[in-house]
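Biologist: Let us go through the packing in this model, one question at a time. Please give the cut-offs as we go.

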Amino acid sequence: MAAGPGRGGEGGAGSGWGLVVTAGLGGSLVALYAVAAPFVAPALRRVCLPFVPATPAQIRNVLRVLEGRSGALADIGSGDGRVVIAAAKRGFKAVGYELNPWLVWYSRYRAWRDGVHQNTRFYISDLWKVSFSSYTNVVVFGVPQMMPQLEKKLEEELGCNARVIACRFPFPCWIPDHTAGEGIDTVWAYDLKHSRGCETKILEITPETEF
């Protein structure tokens with residue numbers, strides 16, 4: 001008779017430990033998903049834009065082709081914010097667009113740490129849903145699959161005074177006005193007034209009037 005309750009107590013303890021283990025495992029999986037999902041989700045999209053940090057040489061080359069430029073700057077796929085922060089230190093009002101929220105939050109922290117948070121903004125955004133029409137300088141760290149579609153999007157949205165800087169991979173149709181660096185650190189700068197033929201269009205739509 002005494003053994004029955006003893007066995008029941010052992011079973012209850014075992015069930016309790018099972019619930020603890022199950023809850024712990026479930027909590028770990030939820031935490032893992034919360035951390036990993038922002039990094040995995042972009043890979044499931046039609047065009048994957050992986051996070052590969054810009055090298056110091058790439059940043060120097062970007063700043064080199066921005067010399068003499070002014071106006072607002074957008075970094076498409078801003079990652080951990082290093083290009084935006086470097087541009088802000090050169091006097092640009094710089095904005096980063098990034099799909100990964102963890103990288104956006106880290107970028108904001110870095111900008112605050114480096115003392116340029118007042119000249120920077122970082123947004124959790126899908127680049128295809130953002131209009132870049134208000135920018136005169138756009139930096140792109142893209143992949144080959146996205147460049148043709150992005151070229152068309154920027155050509156439709158940007159003004160004739162805009163400059164687009166492509167890093168790692170050039171645009172397929174535009175002819176660069178400036179290049180800097182070599183190998184993986186090469187950057188290509190495109191002035192829309194040349195790449196889109198703005199000067200020709202302006203001449204065509206401006207008739208001469210004699211008085």
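Biologist: Leaving aside neighbours within four places in sequence, which residues is Leu73 in contact with?

Modeller: This is a predicted model, where local features need pLDDT of at least 70, side-chain atom pairs count only at pLDDT 80 or more, and totals for chains, interfaces and linings use all residues. Residues are numbered from 1 along each chain as its sequence is written, and side-chain values use heavy atoms, without hydrogens and water. Contact means heavy atoms within 4.5 Å. With neighbours within four places in sequence left out, Leu73 touches Leu66, Ala87, Phe92, Lys93, Ala94, Val95, Tyr135, Asn137 and Val139.

Biologist: Which helix or strand gives the most to the largest nonpolar core?

Modeller: A nonpolar core is a set of buried Ala, Val, Leu, Ile, Met, Phe, Trp, Tyr and Cys residues joined through side-chain atoms within 4.5 Å; buried means under 20% relative accessible area, exposed over 50%, partly exposed in between (1.4 Å probe, protein chains only). The largest has 26 residues, and Leu73 and Val139 are among those with the most contacts inside it. Helices (H or I, at least four residues) and strands (E, at least two) are DSSP runs, numbered from the N terminus; those supplying at least two residues each include H2 (56-65), H4 (101-113) and E4 (137-141). The most, 6 residues, comes from H3.

Biologist: How are H2 and H3 oriented to each other?

Modeller: Their axes (lines fitted to C-alpha atoms, for helices over the stretch in contact, with angles from 0 to 180 degrees between N-to-C directions) come within 10 Å and cross at roughly 45 degrees. Ile59, Val62 and Leu63 of H2 meet Arg82, Val83, Ala86 and Ala87 of H3. Angles under 35 degrees count as roughly parallel, over 145 as roughly antiparallel, 65 to 115 as roughly perpendicular and the rest as oblique. H2 and H3 are therefore oblique.

Biologist: Is Phe132 buried or exposed?

Modeller: Phe132 belongs to a second, separate core of 24 residues, which also includes Val143, Leu150 and Leu158. Its relative accessibility is 0%, so Phe132 counts as buried.

Biologist: What kind of aromatic pair do Phe132 and Tyr135 form?

Modeller: Rings of Phe, Tyr and Trp (its six-membered ring) pair if their centres lie within 6.5 Å; planes under 30 degrees apart count as stacked, over 60 as edge-to-face and the rest as tilted. Ring pairs link Phe132 and Tyr135 with Tyr97 and Tyr123 into a cluster. The Phe132 and Tyr135 rings lie 6.3 Å centre to centre, with 50 degrees between the planes. The pair is tilted.
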